[in-house]
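Trainee: I would like to go through this model step by step, and to reason from the fold to single residues.

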Amino acid sequence: MRDAIHFGEFRAGDKLPSERVLAPTYHGARNTVRAAIQELIQEGLVRSEHGRGLLHPRASLLDALWPAALHDPDASGHQTRPVRRRGPGAGKTPRVEVRSAERVPADVDVAERLGIEPGTDVVRRENWYFADEVPMQVGITFIPWSIAKGTALAKAENLGKRRLYGRLEDLGYTIANVREEITAQPATREEAEGLDLPPGVPMIDLWHTGMTAEKQPFEVTNFYMRADYSALDYDMPVDY
């Protein structure tokens, strides 16, 4: 079954055969098949959904290489995320939900990336991204309070067509350099519940730092992406 999935016998989003069909196909007992399916679920290759049976979990949402909503250039023409999409959003409806915006002291991780002292006030903006109401990722953005105070960036509201980088450019901070640190890790119980992560599916943990042409950092976003529906695709020049 693992080979059949890897070599494309089942397409993304396909319903897989039931235990009753798999047992004679692979010449195994039902209990053996059930154990094999559980192993594939733990590996993130199979998902069991009530009323639908067993599914290949990489449904067509992956074709969007989420997040499409962050891919489009903002009003200034900047590509705000190095993520591309296949097709016009792959037919999925994106939605961004601004959960909160609050003034908080910067912890060590945020302060180091922003080049400020730990404890310095920053705005913490928490955004949740959905495709057809399926949670795809969380983005938590930190901006120095000295930059964001008195602006829409400090409020828990959608930033409109100008989006994050357009608003920052209005304040004199034009993104010219980006640093991204990418790791993978297991989700906590709270993260798994929030993102509706199947067992065995890790999270992509991405720290994105936006900087000026002088390499001055002015915003940091920590993205938690579900790995079964997310992909990163970088295209960049090589400096010698």
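Trainee: How many bridges join S7 to S8, and how do the two strands run?

Mentor: In this predicted model, S7 and S8 form a hairpin with 5 residues between them, and lysine 215 in the turn has a positive phi of about 65°. One pair in this ladder is methionine 211 with its bridge partner in S8, proline 217. The two strands run antiparallel, and the number of bridges that join them is 9.

Trainee: Which residue of S6 stands opposite methionine 211?

Mentor: S7 is also joined to S6, by 9 bridges, and these two strands run antiparallel as well. Methionine 211 of S7, whose bridge partner in S8 is proline 217, stands opposite a residue of S6 (177-185), namely asparagine 177.

Trainee: How many residues of S7 are buried, and which way do they point?

Mentor: Met203, Asp205, Trp207, Thr209 and Met211 point one way from the strand, whereas Ile204, Leu206, His208 and Gly210 point the other way, and all are buried. S7 is therefore largely enclosed by the rest of the structure, the count of buried residues being 9 of the 9.

Trainee: What is the strand order of the sheet, and which strands are at its edges?

Mentor: The sheet is open, has 6 strands with antiparallel pairing, and follows the order S3-S4-S5-S8-S7-S6. Neighbouring strands are turned by 15° against each other on average, direction ignored. At one end, 11 bridges join S3 to strand S4, which run antiparallel, and valine 104 stands opposite valine 122 in S4. The strands that pair on one side only, and thus form the edges, are S3 (94-105) and S6 (177-185).

Trainee: Which helix lies across S5, S7 and S8, and at what angle does it run to S8?

Mentor: The strands concerned are S5 (134-144), S7 (203-211) and S8 (217-226). The helix that lies across them is H7 (residues 163-170), and its angle to S8 is about 175°.

Trainee: Why do the buried residues of H3 line one face of the helix?

Mentor: The 13 residues of H3 (residues 30-42) should span 18 Å at 1.5 Å a residue, and the end C-alpha atoms are 18 Å apart, which agrees. An α-helix has 3.6 residues a turn, so residues three or four places apart point the same way. In H3 the buried residues are Val33, Ile37, Leu40 and Ile41. Seen down the helix axis, these buried residues line one face because they fall within an arc of 100°.

How values were computed:
Residues are numbered from 1 along each chain as its sequence is written. This is a predicted model: local features need pLDDT of at least 70, side-chain atom pairs count only at pLDDT 80 or more; totals for chains, interfaces and linings use all residues. Side-chain values use heavy atoms; hydrogens and water are left out. Two strands pair if DSSP finds at least two bridges between them. Helices (H or I, at least four residues) and strands (E, at least two) are DSSP runs, numbered from the N terminus. Axes are lines fitted to C-alpha atoms, for helices over the stretch in contact, and angles run from 0 to 180 degrees between N-to-C directions. Contact means heavy atoms within 4.5 Å. The expected span of a helix is 1.5 Å times one less than its number of residues. Buried means under 20% relative accessible area, exposed over 50%, partly exposed in between (1.4 Å probe, protein chains only). The arc is that of the directions from the helix axis to the C-beta atoms.
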